[in-house]
Amino acid sequence: MSSVSPAAAPARRSGPGLFRRLVRHPLGGVSMLILAVVVLIGALAPWLAPFDPSATDLRMILAEPGPEYLLGGDAAGRDILSRLLVATAFSLAGGLLVMAVAVTVGLTSGLIAGYYGGFIDAAGAWFTALTMSLPSIIVLIAARSVMGPSMWWTMAIFGLFISPVYYRVVYTSVRSVRNELYVDAARTSGLGDARIIGRHVLLAVRAPVILLMSGVIAAGIGMQAGFDFLGLGDPTTPTWGQMLNEGFYNINRSSNLVLWPALVLGLTTIALTLLGTALRDELEGTGDKRHKAASPWALDGEVAPLLDHGDAPAGEALLTVRDLAVAYPAADGYATVVKGARLTVRRGETHGLIGESGSGKTQTAFAILGLLPQGGKVMAGSVEFDGEELVGRSDAQMNRLRGSRIAYVPQEPMSNLDPSFTVGHQLTEPLVKVLGMKKGAAKERALSLLAKVGIPDPQRAFDSYPHQLSGGMAQRVLIAGAVSSHPDLLIADEPTTALDVTVQAEVLDLLRDLQEELGMAILIVTHNFGVVADICDRVTVMQKGVMVETGATRAVFEGPRHEYTRALFAAIPQGAPRAPLPGVASAGSLGAGALR
Amino acid sequence: MLSFVSRRLATGVGLIATLAVLTFFFLQFGVSDVAQRIAGQQAGPDAVAVVEERIGVDRPVLVQFADWASSALTGDLGRSWFSGQEVTEAVMSRMAVTVSLAVGSVVLTAIIGITLGALAATRRGWADRAVQFLAVLGQAIPGFLLAMALVLVFAINLDWFPATGYTRPSDDLGAWALSITLPVVALTVGSIGGVAQQVRGSMIDAFERDYVRTLRSRGLPRRSIVFQHVLRNAAGPALTVLGLQFVILLGGAVIVETLFSIPGLGPLALNATSQGDIPVVMGIVVVTGVIVVLVNTLVDVVQAWVNPKVRLS
């Protein structure tokens with residue numbers, strides 16, 4: 001097996017699976033076949049070569065391919081085929097030497113620097129910076145003036161020069177592993193450093209080290225070919241670069257000389273690079289796996305009926321979701337995350353959508369907005385907003401509703417503001433581009449909104465970048481942005497979860513005030529009964545992708561019908577929650593010691 | 001900001017000093033017979049001694065270095081041992097040619113690489129696969145091999161461009177453009193791939209960010225999200241790659257210049273090292289180091305301008 005391919009041999013160590021998977025990978029299989037042939041030729045070159053690669057024959061100078069010299073003769077009357085075979089051996093050996101030096105130096109220093117830090121760490125960083133401040137070819141040329149034209153020295157120095165590639169990868173992996181709990185555990189249980197490095201740390205750097213191998217070999221071969229192409233090579237070790245040099249400067253006399261080495265060199269570096277891509281796909285699972293569902297999507301199993309308290313007021317339905325199903329492509333078919341979403345939000349009401357994490361609440365919200373993450377798709381059901389069907393609409397069609405009639409407040413305030421733009425820019429951009437306001441008017445509106453959501457110094461917030469705001473401030477900014485268009489429906493996805501307890505209450509108060517003022521409907525996604533009790537008129541309970549119970553908040557709290565709803569109540573630490581007082585809900589003291 | 005830049009420059013000066021010291025003492029191993037070569041093989045010991053005294057290698061190495069360093073600080077890099085030409089002048093005039101090749105390639109790389117990367121990230125599907133394949137291919141083929149193919153096809157067979165030689169832009173702008181087209185293309189092809197892949201990766205990454213969803217929820221058209229928000233956030237990593245590419249392109253230029261007989265740094269470096277012309281080699285190393293440090297600092301400054309977090313902290 002040692003004669004397969006330079007990168008395949010070490011790759012096999014990481015388990016029998018990888019090699020087989022590589023062969024099956026479309027790029028991996030082909031490139032490994034090419035490399036196998038090239039390596040075989042290189043390894044057997046001394047026996048395969050029909051002539052002494054440096055024996056000259058005056059009769060054969062620039063000879064055409066013929067029975068004696070199968071690929072013809074070069075400018076000195078040497079057999080091109082023999083030279084090509086021997087050059088293959090030397091070129092590959094050079095590439096492997098580069099890789100060996102780079103791995104040895106980079107891995108060792110990276111391990112030591114990453115594990116112990118200190119002096120080696122500083123020296124490593126310094127050496128890395130040094131190698132990046134000078135093109136390597138200049139170093140190699142300078143080294144040649146000292147070492148002479150030795151291919152081995154040149155390649156060893158190049159290996160040293162690109163060892164920081166390994167150093168940095170190993171260093172970062174070791175740094176992150178070093179602080180892992182299991183390494184701490186190993187250390188406290190008395191394992192020596194050598195054992196820890198061998199057992200835990202090496203395991204962590206194995207994949208990236210293998211991953212870089214084929215690229216480093218390709219870089220070594222390419223650099224050596226370029227170096228020798230400049231005529232700097234050692235004539236006693238013929239390489240592809242030297243043959244190209246001779247061929248290129250005799251191009252007017254014969255184009256034969258260039259063809260073969262160019263072909264072999266090009267094929268080898270391409271195969272190595274493609275092998276690197278295949279390795280990355282297999283080791284990191286980044287492959288472009290085009291999803292072919294084994295079977296078309298189908299809803300598996302019955303969807304449980306919705307227990308409706310039947311106490312809905314006669315108000316006009318603004319949003320009606322019927323039997324909505326959302327699925328993502330998975331290894332074998334589909335993963336259906338929402339199976340039967342059923343929901344009605346009336347004008348002006350605050351509707352709570354409650355369920356534990358992973359129950360599909362957020363996915364339902366994204367599906368309504370038409371903002372499902374990559375891969376997610378609405379498979380069945382309908383979403384009707386103010387009489388219009390939203391499922392199947394294009395992005396552009398959805399944009400006629402989003403940001404004007406339907407708005408969204410996200411869960412995590414900091415990651416939902418673009419770090420590269422000021423708050424003011426992010427607030428005014430949609431006002432100008434979507435609502436068609438003038439810049440000055442948009443700025444005025446934004447400032448008054450910031451004041452309205454309770455930001456003490458609106459102008460300062462307007463000029464700030466997101467990282468200069470606190471989480472609570474950022475959430476207020478996002479709410480200001482969401483309500484800036486006076487929407488009919490505001491979808492708030494866990495708007496208080498990421499905030500401090502005191503800030504949570506303020507944000508809920510703010511939502512309530514805004515609702516009273518603007519008369520919009522709010523669909524609030526939450527896992528917190530306190531939030532529901534605090535501000536929701538009605539509530540729908542979701543379990544494992546299905547809505548199981550819906551009704552007026554008070555009715556559901558007083559007489560939960562579904563066992564899951566009862567289980568949720570039972571899980572609240574203080575015991576069963578008290579029903580909220582009628583009227584403006586602010587008396588909920590349930591889950592809600594958490595709130596006030 | 002000012003202290004940020006000066007800190008970067010100070011590190012750079014330290015790097016260049018290290019570079020100079022290492023190179024100088026490393027090169028000492030190769031100069032044993034340089035005086036003999038300058039004087040000629042037939043020259044007797046007396047003549048060689050005269051040469052040794054003239055170029056100063058008869059003094060202790062440390063004295064030589066101190067001497068070199070103190071005049072280098074004033075901008076005087078000495079004279080070539082072989083041609084007697086002033087090193088500062090020789091390196092600078094040739095560096096101008098090499099840097100113009102590298103800058104041309106970086107600009108071309110940036111334009112094409114960012115366009116292709118953005119295309120791959122926004123269209124996905126077959127466009128994505130095509131860009132990725134081309135990127136890998138471009139990186140895989142050694143630059144000089146491509147340069148050679150370009151010469152064979154476009155200069156020798158089709159005769160559209162001059163195969164070798166260089167016209168100064170001050171002499172004839174059109175001829176200059178023609179003379180650097182093939183070298184710049186040869187240099188650029190290899191570096192486009194890296195930039196395109198980086199732009200693609202960081203744009204796809206940016207697409208998945210929460211703030212993109214929130215911007216979409218506010219009804220902003222996809223086009224303005226891509227061109228303003230996603231591209232702006234992907235710009236940082238792309239800039240870093242472009243900065244690295246510049247150093248790689250400087251190195252590539254050495255080979256490509258030799259191939260196209262362009263009087264840049266490459267041929268000078270080859271000549272000087274094969275002769276053991278230490279002052280010239282030192283000059284090349286130091287001036288290259290200075291340029292790289294300047295470019296890296298420039299990249300950092302632009303980085304800070306793009307990323308408010310860096311700028312304001």
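What percentage of the contacts in chain A between residues at least 6 apart in sequence join residues at least 24 apart? The share is 69%, where two residues are in contact if their C-beta atoms, placed from the backbone, lie within 7 Å. The structure is a predicted model, in which local features need pLDDT of at least 70 and side-chain atom pairs count only at pLDDT 80 or more, while totals for chains, interfaces and linings use all residues. Residues are numbered from 1 along each chain as its sequence is written, and chains are lettered from A, with ligands numbered from 1, in the order in which they are written.

Chain A has 21 helices and 11 strands, these being DSSP runs numbered from the N terminus, with at least four residues of H or I for a helix and at least two of E for a strand. The radius of gyration of chain A, taken over C-alpha atoms, is 34 Å, well over the 25 Å that the globule rule gives for 596 residues, so chain A is more spread out than a compact globule; the rule is 2.2 Å times the number of residues to the power 0.38. Along its principal axes, the C-alpha trace of chain A spans about 110 × 60 × 55 Å. Of the 596 residues in chain A, 49% are buried, a residue being buried if 20 or more other C-beta atoms lie within 10 Å of its own, exposed if 12 or fewer do, and partly exposed in between, with C-beta atoms placed from the backbone.

Chain B, by contrast in its make-up, has 13 helices and 0 strands. The C-alpha trace of chain B spans about 85 × 55 × 35 Å along its principal axes, and 45% of its 313 residues count as buried. Among contacts in chain B between residues at least 6 apart in sequence, 72% join residues at least 24 apart.

Where the chains meet, 58 residues of chain A are in contact with 61 residues of chain B. Several elements of chain A each supply at least two residues of the side that touches chain B, among them helix H9 (193–229), helix H11 (256–284), strand E7 (406–409) and helix H17 (471–483). By class, this side of chain A has 32 nonpolar, 18 polar and 8 charged residues, with Ala, Val, Leu, Ile, Met, Phe, Trp, Tyr, Cys and Pro counted as nonpolar, Asp, Glu, Lys and Arg as charged, and the others, Gly among them, as polar. The largest nonpolar core, a set of buried Ala, Val, Leu, Ile, Met, Phe, Trp, Tyr and Cys residues joined through C-beta atoms within 7 Å, has 261 residues, and those with the most contacts inside it include A:Ile138 and B:Ile284. Not counting residues up to four places away in sequence, B:Ile284 touches A:Ile138 in addition to B:Val91, B:Leu265, B:Leu268, B:Ala269 and B:Ala272.

Within chain A, strand E2 (residues 317–330) runs antiparallel to strand E5 (residues 377–385), to which 7 bridges join it; two strands pair if DSSP finds at least two bridges between them. The bridge partner of A:Ala327 in E5(A) is A:Lys377. E5(A) is also joined by 2 bridges to the antiparallel strand E6 (residues 388–389) of chain A, where A:Glu384 stands opposite A:Glu389. The hairpin of E5(A) and E6(A) has 2 residues between the strands, and A:Asp386 there takes a positive phi near 50°.

A further set of strands centres this account on E10(A), of which 6 of 6 residues are buried. Both faces of E10(A) are covered, with A:Arg538, A:Thr540 and A:Met542 on one side and A:Val539, A:Val541 and A:Gln543 on the other. Strand E4 (residues 350–354) of chain A runs parallel to E10(A) and is joined to it by 4 bridges, A:Ile354 having A:Val541 as its bridge partner. E10(A) is joined to E11(A), which runs antiparallel, by 6 bridges, and these two strands form a hairpin with 2 residues between them, in whose turn A:Lys544 has a positive phi of about 45°.

A:Gln543 lies in strand E10 (residues 538–543) of chain A and is buried, with 20 other C-beta atoms within 10 Å. Leaving aside neighbours within four places in sequence, A:Gln543 is in contact with A:Gly355, A:Ser359, A:Val548 and A:Tyr564. A:Tyr564 is one of the buried residues of helix H21 (residues 563–570) of chain A, alongside A:Thr565 and A:Leu568. What covers the buried residues of H21(A) includes E10, strand E11 (546–552) and helix H20 (553–558) of chain A.
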